[in-house]
Amino acid sequence: MSMQTDYREQVNRMCEQTELPDGKEMLEMAKTYAAAGGAPMPRRKIRMLRKGIVIAAACATAAGLTAIGAGAAGYGPLAEWFREKYQDDTTADLIDQGYLYAINQSFTDGIYRADLIAVSGDLENPKLIIDLYIDDPEIAAANETVNLGVYTLGVYQYENELDQYAWADGTGYRDPEIPNLYHASVQGAPVWMSHGEECVIDITAIYRNEPDGTPVIDRTHMETRLTIPAGELADTDCLYYGVEDNMVLPYNGVDYLLTCAQFSAYQTEISFRLHMDEFMANAPEDAQEDTNLFKDTALNDALVLIVDGTAYSCNPDCCYIWWDTEEDDAAYGYVTALFPQIDYASAQNVALLAGDASLTLKGDPDTAAAYDTTISSNDETDSAAESAESTEDQTGGHASDAMTYAYHTPLYFVKEDHAVLHFGDIDYQLTHVFFLDTGTEIGLCYDADSDEGTVMRDALTLIIDGEAYSCNPDTCYTAFETEEQSVTGKRGYVNLIFPAFSFDAAGSVVLSVGDASYTLK
């Protein structure tokens, strides 16, 4: 089949509507999905395209720093693309070191063509590198960026349990020279991609705008199956602990049982199991975030990772406990703390501290006890202040730092998140936040008898570390559907573009309109 075929003539434009899972189901899928990405929140219109066709069947047998098929199409040096477009120096460095498994497999589905170029990253963070072509010039012209939804699952899970899993998503940036080509990176699920087993990769959704600005999701099916050989991804140091290891960190009336410590090239993840009766007896009233989700603020503020005398506070917005009362181990919850990346292999001493308690992960236990004595000599207020100062040193947190763009995974919201801004007499439901180098895209929807989107567009502000920013009126748009046009009744949509910034570097991020506000961070 010629790559120049006009796929616009092949796509069925009368595509059926489909429903995606509600918020609770999304949370359940997110729990079981091993990758970092969450379940995508659908934008208003979802269209099912016909079954995709794999047009280049065989994976490349060569591995490592082989020639990448898309290089001639304008992709350029992969490492530099990650540094410049994704602000992802880690993956760029891994590519430079030779951790790049070339695949070069092509697919087509309707107006879309895709090339699965390669996989990079480490064993806990496999990164799919995908080129997407939009063979409709009007649609391509309307989209500076697109988002891809991709399943990366085991064969059995894909064929028998697909409804239990969410896809991961990643942003595709337009090539500077080829207007219908987008380069994307999507995080894969390590449990299936990193252990030498056959896995399924399916590009299942394309988030983009129509030429008139209407946001849509095209459901696609561009699937392949492959096995990533051992040694193609960078190693990750993982420590696993059972109950018999007695790695317990007591803090704030809760015995946190250490189950896993992962030291990857990207970050450090420390996972605990805890008895929920102990947590609930000491938790504040506002700890519950959702049906199965609880915020452990006490642990988040107190937990410190010590590596050869250097203290690291955990990510200021992590330590969310997952508690599923319908599971066999319903008495227990699970929580993961995130820290900056460290070099575990070269470290001499690694310890965890919380208040007066300590756990030694590597090295001399007496060394960890000495650190514990130093930190516990301060009262709780001083300890929390030091933790905040340490976090600010690591991530920036000042407006000047935050307004320097850095990529962040998109945020999606469902009805159960209660991400609502009440303005006038209307409740505006936040649907998504995309962090792009060209601007920060914020989407809202609402139910009303008339188009009220312009009022919200002109009033909403994005407050970053105390500084208020208005949307760019030239790039913002609204849409309204009548009962005849929509299966859900009258529905309006607002899509706003604010300045680009670094979500990770910002100390606080708030949406504000009138007397209403919603805190993103």
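Student: Where in the chain is Glu 124 found?
Tutor: Keep in mind that this is a predicted model: local features need pLDDT of at least 70 and side-chain atom pairs count only at pLDDT 80 or more, while totals for chains, interfaces and linings use all residues. Residues are numbered from 1 along each chain as its sequence is written, and side-chain values use heavy atoms, leaving out hydrogens and water. Helices (H or I, at least four residues) and strands (E, at least two) are DSSP runs, numbered from the N terminus. With that, Glu 124 belongs to the loop between strand 4 (112-122) and strand 5.

Student: How far is Glu 124 from the nearest side chain of opposite charge?
Tutor: Glu 124 is buried, meaning under 20% relative accessible area (exposed is over 50%, partly exposed in between; 1.4 Å probe, protein chains only). Glu 124 has no salt bridge, that is, no side-chain nitrogen of Lys or Arg within 4 Å of a carboxyl oxygen of Asp or Glu. Lys and Arg count as positive, Asp and Glu as negative, and His and the chain ends are not counted. The nearest opposite charge is Lys 127, at 12 Å.

Student: And which residues does Glu 124 touch, leaving aside neighbours within four places in sequence?
Tutor: Contact here means heavy atoms within 4.5 Å. By that rule, Glu 124 meets Gln 187, Pro 190, Thr 236, Cys 238, Gln 262 and Ser 264.

Student: Is Ala 261 buried or exposed?
Tutor: Ala 261 sits in strand 13 (residues 254-263). Its contacts beyond four places in sequence include Cys 238, Ile 270 and Leu 361. Its relative accessible area is 0%, so Ala 261 is buried.

Student: How far apart are the C-alpha atoms of Ala 261 and Leu 361?
Tutor: The two residues are in contact. They lie 100 residues apart along the chain, yet the separation of their C-alpha atoms is 8.6 Å.

Student: What arc do the buried residues of helix 2 cover?
Tutor: Those in helix 2 (residues 78-85) are Leu 78, Ala 79, Trp 81 and Phe 82. The arc is taken from the directions from the helix axis to the C-beta atoms. They fall on the same side of helix 2 because that arc is only 165 degrees.

Student: What is the strand order in the open sheet of four strands?
Tutor: Two strands pair if DSSP finds at least two bridges between them, and here the pairing is antiparallel. The edge strands, each pairing on one side only, are strand 18 (310-313) and strand 22 (357-362). The full order is 18-17-21-22.
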